[in-house]
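Please load the model in your viewer and set the side chains to be selectable by residue number. The tour proceeds by selection, from the interior to the open space.

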Amino acid sequence: MESKIIRGTKTLFVHAKSEIDLSEKDFNKIKIKENKIGIIYTAQTQDLVKKVEEFLKKQKKEVITGGQIVGCNATNAIKIKEKVDAFLFIGSGMFHPIELIEKTKIRKYYQFNPSLNSFSKIDETEIKQLEKRKQAKLAKYYSSNRIGIIVTTKPGQENLNIAKAFAKKCGKEAYIFLDNHIDVNKLEDFPDIEFWVNTGCPRLEEKGIIALKDIISAKSYKNN
């Protein structure tokens, strides 16, 4: 157990792990043709990493374990991306893989889901669809004159100063909306806002919302 002081409040962090006990037989479904494999995992699956490493090494694979990933922070994947041919994500859902795909630009992704005891390859088509959706959002943002900038007060996600700077630079009529809990349904109460820019967790994904990082990383924005 770890404790930290966050904004004057003592906060306790309790390690949560998966209680799923898998055998080597369960790992036999992991079939990766690439030789250099980077392993990324969630906090809940950390205790399974060693078993997966051992299994892959028996398959004559070179394994580099990057570490834990959270939805809006893929640092541990980025630091090893030049050393691997493919990533194996140990966890569930697409929440984390999407961040991996966007940040590392590697196109070979596999996922081992201990909860479902399943293994799959993230298809190239899915990756292309993600890119198309992002480009469509960028186009909508550029064509909008009045935007709302979403800012959360949650520790580690609060970017008010960045939002203020962006509002001045974006060249649009911009309004900042600040709240601790972002409820996307409440955004409908502001019909005058043509499009929303999110400065919090980039995994806040809706049709009318784009992450600020996607705008900043776009070449057309950098050239302005």
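Select Ile-39 in this predicted model. Leaving aside residues up to four places away in sequence, Ile-39 touches Val-49, Val-52, Glu-53 and Leu-56. Its other contacts under that condition are Val-63, Ile-64, Thr-65, Gly-66, Gly-67, Leu-88 and Ile-90.

Next, add Ile-30, Val-52, Leu-56 and Leu-88 to the selection: together with Ile-39, these residues have the most contacts inside the largest nonpolar core, which has 18 residues. To see which elements build this core, display β3 (36-41), α2 (49-58), β5 (86-90) and β6 (109-113), each of which gives two or more residues to it. Colour α2 separately, as the largest share of the core, 4 residues, comes from α2.

Now clear the selection and pick Ala-74, Ile-80, Val-84 and Ile-122. These four are included in a second, separate core of 16 residues.

The last stop is the largest pocket, with about 250 Å³ of space. Its lining comprises 15 residues, and those closest to the pocket centre are Leu-130, Arg-133, Lys-134, Lys-137 and Glu-205. Show α4 (95-104), α5 (124-143) and β11 (209-211) as well, since each supplies at least two residues of the lining. Which element gives the most to the lining of this pocket? That element is α5, with 6 residues. Finally, colour the lining by residue class: 9 residues are charged, 6 are nonpolar and none is polar.

Technical notes: Residues numbered from 1 in each chain as written. Predicted model: local features only at pLDDT ≥ 70, side-chain atom pairs only at ≥ 80, totals over all residues. Heavy atoms only, no water. 1 Å grid on protein atoms, 1.4 Å probe; cavity = no way out; pocket = protein on both sides within 12 Å on 5 of 7 lines; lining within 4 Å. Points joined across faces, edges and corners; volume = space filled by probe spheres on them. Nonpolar A, V, L, I, M, F, W, Y, C, P; charged D, E, K, R; others polar. Core = buried A, V, L, I, M, F, W, Y, C linked by side-chain atoms within 4.5 Å. Buried < 20%, exposed > 50% of the residue type's maximum accessible area, 1.4 Å probe, protein only. Contact = heavy atoms within 4.5 Å.
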